[in-house]
Amino acid sequence: MTVTEEAPLSPAGNPMGFGRMIRKEDARFLRGQGNYVDDVNLPGMLHGAILRSPYAHARIVSIDTSAAEAHPKVKAVITGKILETLKLAWMPTLSYDVQSVLCTDKVRFQGQEVAFVVAEDRYSARDALELIEVEYEPLPTVFDARHALDADAPIIRDDLDGRTDNKIYDWEAGDKAKCDEVFANAEVVVKQSMIYPRVHPAPLETCGSVASMDKVTGQLTVWTTTQAPHAHRTLYALVAGLPEHKIRIISPDIGGGFGNKVGIYPGYVCAVVGSILTGKPVKWMEDRSENLMSTSFARDYHMTGEIAATKDGKMLGLRVDVLADHGAFNGVAQPTKYPAGFFHLFTGSYDYPVAHCNVRAVYTNKAPGGVAYACSFRITEAAFLVERMVDCLAFELKMDPAELRMKNLLRPEQFPYTTPTGWEYDSGDYPRALKEAMRIAGYDELRREQAEKRAAGETMGIGISFFTEGVGAGPRKHMDILGLGMADGCELRIHPTGKAQLRISVQSQGQGHETTFAQIVSHELGIPPEDIEVIHGDTDNTPFGLGTYGSRSTPVSGAAAAVVARRIKDKAKIIAAAALECSVDDLEWEHGRWFVKGDHDKGQTIQESAFAAHGTLELPEGVEGHLDASVVYDPPNLTYPFGAYIAVVDVDMGTGHVKVRRFIAVDDCGPRINPMIVEGQVHGGLADGVGMALMEVMAFDENGNHLGGSFMDYLLPTSMECPSWELGETVTPSPHHPIGAKGVGESATVGSPAAIVNAVLDALQIRHAEMPLTPAVVWRAIQGNPLDRPDLAIE
Amino acid sequence: MDVTMNVNGDEVTRDVEPRLLLVHFLRDELRLTGTHWGCDTSNCGACTVWIDQQPVKSCTTLAVMAGGHDVRTVEDLDPGTGLDPVQEGFMLEHGLQCGFCTPGMMMTARWLLDKNPDPDEATIRECISGNICRCTGYENIVRAVRWAANHEADATANQPEGASA
């Protein structure tokens with residue numbers, strides 16, 4: 001069966017392969033029977049709570065925990081001093097930095113972890129926090145990355161030997177000399193600075209864990225909000241010195257991740273220590289304020305882009321300079337070789353002959369993190385920059401932004417295409433996707449309507465963005481996190497009756513793995529998807545792999561599932577040949593069955609082969625019984641999904657309020673395993689784009705106080721801000737993926753913010769203003785002051 | 001202090017602290033974990049339950065405030081006789097992904113349809129605007145509620161007790 005054929009239906013009415021299928025996991029969620037970390041309730045379980053710093057930068061003079069310890073329901077109070085004796089006061093980050101678990105010297109951001117209380121119930125644990133007395137000596141702060149390298153800036157990481165400034169790294173890519181030469185001779189150069197503000201993934205379920213150490217067996221079991229259970233297991237082994245074979249990480253149902261749940265947080269470590277010290281299971285579940293103030297943020301990139309072009313709009317070169325704010329610890333989660341992640345793909349979807357990029361990263365007195373919020377390892381920032389820059393060029397050349405893009409997009413015959421910084425895009429037909437988006441939008445008609453409205457004094461805007469994603473990290477020889485190569489294992493067991501269990505190394509935070517992966521196996525083997533159980537999120541029951549983030553599940557683990565199913569198919573062929581007493585060369589496959597060429601009735605279904613494999617059938621020399629297989633899939637390259645987005649907005653010139661009237665999204669992620677799930681992923685990402693473009697920002701005041709510590713201040717899009725999404729698709733399979741699929745989880749988050757911002761600026765007929773385009777920002781832009789934002793603080 | 005309330009048709013009495021939030025009472029005392037704790041500030045709606053057939057945010061309601069009242073949670077939407085049309089709509093229209101907002105979202109939607117059996121898209125969007133979803137972009141939730149409205153008549157025979165306002 002090819003990927004585009006319609007799959008036959010199973011007895012339960014599900015597609016035996018690709019197609020729209022109702023999700024298996026819904027049955028429990030619809031009834032309130034999901035099992036999230038906070039639903040885990042063990043006998044004798046205690047509750048932990050974290051005391052956090054009220055200061056952004058302050059030396060700890062003293063901590064007095066005696067009153068808290070005297071609280072009748074308190075079982076333990078843990079401070080950095082206690083952790084020091086266990087060598088756990090500091091832990092490694094995913095970027096070869098260290099991070100404080102509980103503070104021993106000075107706090108470096110507001111909300112940093114200072115002490116951990118374990119008590120009989122969650123309210124008592126919080127009560128006891130109030131009884132801990134901490135004396136702080138406030139220090140000068142630096143929270144604006146643009147001042148982090150000032151001569152008089154306070155040194156945040158004086159814990160690191162020899163530190164005399166706040167610089168983390170200085171990294172560059174591309175050919176600077178060639179690029180400078182092109183710019184020196186260009187007819188047109190357009191330069192624009194822009195900020196991708198600090199935002200937060202804010203999954204609806206906050207982070208937390210339940211740690212249970214069995215003192216007799218030495219077995220540690222941790223139910224935790226993690227997108228990468230296997231990586232966490234190895235890290236616990238490395239950090240705490242616990243034997244890895246005695247650690248079991250369970251990632252149960254996860255209430256959204258978006259990159260927020262990739263790393264290890266101090267609270268997880270504290271729960272483990274709490275369980276070790278008390279001998280009881282300990283639950284730690286952060287509240288919303290803690291989630292927003294202390295866990296992995298996203299973006300915070302100060303970017304300056306320059307395009308060199310001809311007068312008629314042919315792009316000749318791209319130069320980019322970035323100042324990256326990583327917060328107080330460098331805690332980004334991304335492949336080691338790429339300090340700025342896949343920002344490396346900053347040339348986007350265009351045929352730039354030359355390009356150069358420099359990224360400087362700095363410490364500030366803000367929470368650590370940076371790679372999160374469906375960013376595909378910072379392609380979000382790159383896509384936003386390049387799509388804003390294209391519109392800036394269109395603005396200066398007075399060209400239609402669609403025409404300018406069409407003129408410069410990579411052409412289908414250029415694929416596989418190597419970017420100026422050495423990345424190979426696998427496949428694409430970009431003009432087709434843009435044309436399709438313009439067709440759905442009725443682009444020419446929209447421009448006519450805009451002209452009429454302008455004549456009548458009304459304001460509407462049309463914004464385009466075109467993105468190229470790079471997902472499915474990644475090839476082992478290039479990509480690892482803390483030395484762990486980014487390949488993924490997969491195991492498939494076909495039981496004697498032909499029912500199957502698929503064990504995958506990635507896990508779901510809502511993406512529907514239990515359905516999609518069953519469909520992949522069904523596509524390959526013809527076993528009904530309802531007969532395939534997908535097991536994930538438990539390190540004791542799944543093979544090793546790096547987890548779900550960076551849209552990597554389908555490109556890596558999905559490929560592993562297809563490959564392991566093909567191994568089963570190959571083995572079933574040997575078994576069928578033995579059973580049918582013919583040569584394997586005489587057999588031909590049809591969906592779900594091997595049969596003898598020229599004698600269609602003589603054959604064996606995969607279910608019959610499974611029973612025969614477990615039965616008494618004499619097998620050829622060297623062939624083992626049973627029908628199981630396992631693989632480790634090492635992707636040969638990333639996959640490169642892409643898309644063309646068009647936003648239509650109306651702006652109220654009196655209030656600055658922006659209404660997203662329409663949003664057209666054409667995505668090309670290769671063949672769609674379950675189109676319903678793919679569309680759902682796109683819808684969610686588009687809402688993220690509305691949030692980032694118009695509403696979301698983590699603001700700080702001049703003392704480093706966090707001004708977005710609750711959903712009353714950190715605004716997320718609701719049903720009222722989101723339009724009814726209009727989706728389209730083109731299908732360009734990946735040539736190197738077993739089923740051609742490319743991954744789609746983050747595409748819309750990557751691609752949509754620029755379309756909305758471009759639309760608002762198109763409405764206002766100005767070149768640039770900073771996100772989020774709140775009514776206040778838009779109103780100020782209308783008054784002719786769009787660029788004057790000395791900091792990100794909300795006035 | 002003792003608090004007595006009717007939860008999903010059963011009378012329950014517990015000795016609780018006056019400050020105990022209803023969301024924690026339901027989750028930790030009664031082990032009804034379908035109601036979720038999402039934000040503490042009434043913004044996200046993951047904790048939405050009904051008190052006397054009105055949706056409330058149980059993260060900002062004290063358990064004792066529900067004393068003497070009828071509380072209904074997501075666990076009561078499907079009392080074993082088949083899915084409520086709202087649940088079926090969410091399933092068929094893919095109105096959920098991670099499932100964390102889903103119980104609160106469905107309690108709000110069920111309330112809307114009891115009050116207004118034929119809501120248009122704008123009405124649905126306004127009604128669920130106090131429930132945040134981070135996964136779906138709301139599109140399929142709106143479709144799910146419309147699906148339920150369109151199929152409500154077929155399912156009246158299965159209507160759980162107390163579902164009509």
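# Exercises on a predicted two-chain model

Chain A has an average pLDDT of 96, and 98% of its residues score at least 70; pLDDT is the predictor's confidence in each residue, from 0 to 100. The model is predicted, so local features need pLDDT of at least 70 and side-chain atom pairs count only at pLDDT 80 or more, while totals for chains, interfaces and linings use all residues. Residues are numbered from 1 along each chain as its sequence is written, chains are lettered from A and ligands numbered from 1 in the order in which they are written, and side-chain values use heavy atoms, with hydrogens and water left out.

## Exercise 1. Confidence at one stretch of chain A

Task: State over which residues of chain A pLDDT stays under 50, and how many contacts beyond four places in sequence the model has for them.

Solution. Step one: the stretch is residues 789–795 of chain A. Step two: the model has 18 contacts for this stretch beyond four places in sequence, where contact means heavy atoms within 4.5 Å.

## Exercise 2. The overall form of each chain

Task: Compare the radius of gyration of chain A with the value for a compact globule, and do the same for chain B.

Solution. Step one: the radius of gyration is taken over C-alpha atoms, and the globule rule is 2.2 Å times the number of residues to the power 0.38. Step two: for 795 residues the rule gives a value near 28 Å, and chain A, at 27 Å, agrees with it. The C-alpha trace of chain A spans about 80 × 75 × 50 Å along its principal axes. Step three: for 165 residues the rule gives a value near 15 Å, and chain B agrees at 15 Å. Its C-alpha trace spans about 45 × 35 × 25 Å along the principal axes of chain B.

Step four turns to burial. Buried residues (under 20% relative accessible area; exposed is over 50%, partly exposed in between; 1.4 Å probe, protein chains only) make up 67% of the 795 residues in chain A. In chain B they make up 61% of the 165 residues.

## Exercise 3. Elements and domains of chain B

Task: Give the order of the secondary structure elements of chain B and describe its division into domains.

Solution. Step one: chain B has five helices and five strands; helices (H or I, at least four residues) and strands (E, at least two) are DSSP runs, numbered from the N terminus. Step two: read from the N terminus, the order is β-β-α-β-β-β-α-α-α-α. Step three: domain 1 covers 2–76 and domain 2 covers 85–157 of chain B, with bounds from an automatic or database domain assignment. Step four: the C-alpha centres of these two domains of chain B are 21 Å apart, and 17 residues of domain 1 are in contact with 13 residues of domain 2.

## Exercise 4. Cysteines without a disulfide

Task: State how many disulfides the whole structure holds, and explain why C207(A) forms no such bond.

Solution. Step one: a disulfide is a pair of cysteine sulfur atoms within 2.5 Å. Step two: the search over all chains finds zero disulfides. Step three: the closest cysteine sulfur to that of C207(A) belongs to C98(B) and is 13 Å away, which is too far for a bond. Step four: C101(B) is likewise in no disulfide, and its nearest cysteine sulfur, that of C133(B), is 3.8 Å away. Step five: C207(A) is buried at 0% relative accessibility, and C101(B) is buried with a relative accessible area of 8%.

## Exercise 5. Three buried positions

Task: Locate R125(B), A433(A) and G643(A), and list residues that each one touches.

Solution. Step one: R125(B) is placed in helix α4 (residues 121–127) of chain B and counts as buried at 7% relative accessibility. Leaving out residues up to four places away in sequence, its contacts include S719(A), M720(A), C722(A), P723(A) and S724(A), as well as Y138(B), E139(B) and V142(B).

Step two: A433(A) is in helix α11 (residues 430–441) of chain A and is buried with a relative accessible area of 0%. Beyond four places in sequence, A433(A) is in contact with F466(A), F642(A), A644(A), V666(A) and T730(A). Its C-alpha atom is 8.8 Å from that of G728(A), although A433(A) and G728(A) are 295 residues apart along the chain.

Step three: G643(A) is in strand β31 (residues 642–651) of chain A and is buried at 0% relative accessible area. Not counting residues up to four places away in sequence, G643(A) touches S465(A), F466(A), F467(A), V666(A) and D667(A).
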